[in-house]
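Welcome, and thanks for taking a look at this one with us. Please have your viewer ready, and we will walk through strands, cores and charged pairs together.

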Amino acid sequence: MAIFEDFQSLDIRVGKIIEVSDFPEARKPLYKITADFGKEVGIRHSAVGATHHYTKEQLQGKLILGLVNMPPKKIGPFASEFLTLGVSDKEGKCILVVPDKEAILGAKLY
């Protein structure tokens with residue numbers, strides 16, 4: 001069972017997607033995204049499996065939640081620098097976890 005200190009060790013922040021591109025080298029459908037997490041964290045890159053519910057245009061400018069204190073994860077030729085948070089729909093496809101109001105870039109989940 002997790003304890004509160006386990007949760008506190010996770011640095012989950014609000015970011016804004018500033019760039020989206022296709023990731024044809026990936027084995028499954030993914031987008032490459034670049035997100036701005038504000039002054040403290042800065043710009044980070046990730047890959048996200050949200051291609052079934054979102055177009056690149058819909059993701060551009062979208063606020064997201066990302067785990068920013070993890071080591072980079074290699075996905076083929078790409079290094080993912082944060083984990084974009086999402087949940088599965090009834091078919092196992094990614095639905096992004098997003099703030100429902102305008103939030104400050106870099107704001108920490110608590």
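Where is Leu109 found? Leu109 sits in the segment after β9 (94-96). Before going further, please keep in mind that this is a predicted model.

**A patch on the surface**

Leu109 joins Phe4, Phe7 and Leu10 in making a nonpolar surface patch of about 350 Å². With a relative accessible area of 36%, Leu109 is partly exposed.

**The strands**

Let us turn to the pairing of strands. Strand β1 covers residues 12-22 and strand β2 covers residues 31-36, and the two pair in the antiparallel sense over 6 bridges. To find your place in this pairing, look for Glu19, which stands opposite Thr34 in β2. β2 also pairs with strand β3 (residues 43-48), again in the antiparallel sense and over 6 bridges. Here Tyr31 is the residue that stands opposite Val48 in β3.

Strand β6 (residues 78-80) holds Phe78. Is Phe78 buried or exposed? Phe78 counts as buried, because its relative accessible area is 13%, under the 20% cut-off. Setting aside residues up to four places away in sequence, Phe78 touches Phe23, Lys32, His45, Ser46, Ala47 and Lys73. One of these partners, His45, is 33 residues from Phe78 along the chain, and their C-alpha atoms are separated by 9.2 Å.

**Two nonpolar cores**

In soluble globular proteins, nonpolar side chains tend to be buried together. The largest nonpolar core here has 16 residues, and Ile33, Leu59, Ile64, Phe82 and Leu96 touch the most other members. At least two residues of this core come from each of β1, β2 and β9. β2 gives the largest share, 3 residues. Apart from this core lies another one, of 6 residues, including Val14, Leu63, Leu67 and Leu85.

Which residues is Ile64 in contact with, leaving aside neighbours within four places in sequence? The list for Ile64 is Arg13, Val14, Gly15, Ile17, Ile33, Ala35, Phe82, Thr84, Leu96, Val97, Val98 and Pro99.

**Charged pairs**

Side chains of opposite charge can pair when their charged atoms come close. How many salt bridges does a search of the whole structure find? The search finds 3 salt bridges, listed here with their closest N and O atoms.

| Acidic residue | Basic residue | Closest N and O atoms |
|---|---|---|
| Asp11 | Arg13 | 2.5 Å |
| Glu40 | Arg13 | 3.3 Å |
| Asp22 | Lys56 | 3.0 Å |

Asp11, Arg13 and Glu40 are linked in a network of salt bridges. Within this network, Asp11 is buried at 13% relative accessible area, and Arg13 is buried as well at 7% relative accessibility. Glu40, by contrast, is exposed, with a relative accessible area of 65%. The salt bridge between Glu40 and Arg13 links distant parts of the chain, as Glu40 lies in helix α2 (residues 38-41) and Arg13 in strand β1, 27 residues apart.

Asp22 and Lys56 form a salt bridge of their own. Asp22 belongs to strand β1 and Lys56 to helix α3 (residues 56-59), so this pair ties together parts that are 34 residues apart in sequence. Asp22 is partly exposed, at 44% relative accessibility, and Lys56 is also partly exposed, with a relative accessible area of 27%.

Methods:
Residues numbered from 1 in each chain as written. Predicted model: local features only at pLDDT ≥ 70, side-chain atom pairs only at ≥ 80, totals over all residues. Heavy atoms only, no water. Pairing = 2+ DSSP bridges. Helix = DSSP H or I, 4+ residues; strand = E, 2+ residues; numbered from the N terminus. Patch = residues over 30% accessible without salt bridge, like charges linked within 9 Å, V, L, I, M, F, W, Y side chains within 5 Å. Areas by Shrake-Rupley, 256 points an atom, 1.4 Å probe, with all protein chains shown as cover. Salt bridge = Lys/Arg side-chain N within 4 Å of Asp/Glu carboxyl O. Buried < 20%, exposed > 50% of the residue type's maximum accessible area, 1.4 Å probe, protein only. Contact = heavy atoms within 4.5 Å. Core = buried A, V, L, I, M, F, W, Y, C linked by side-chain atoms within 4.5 Å.
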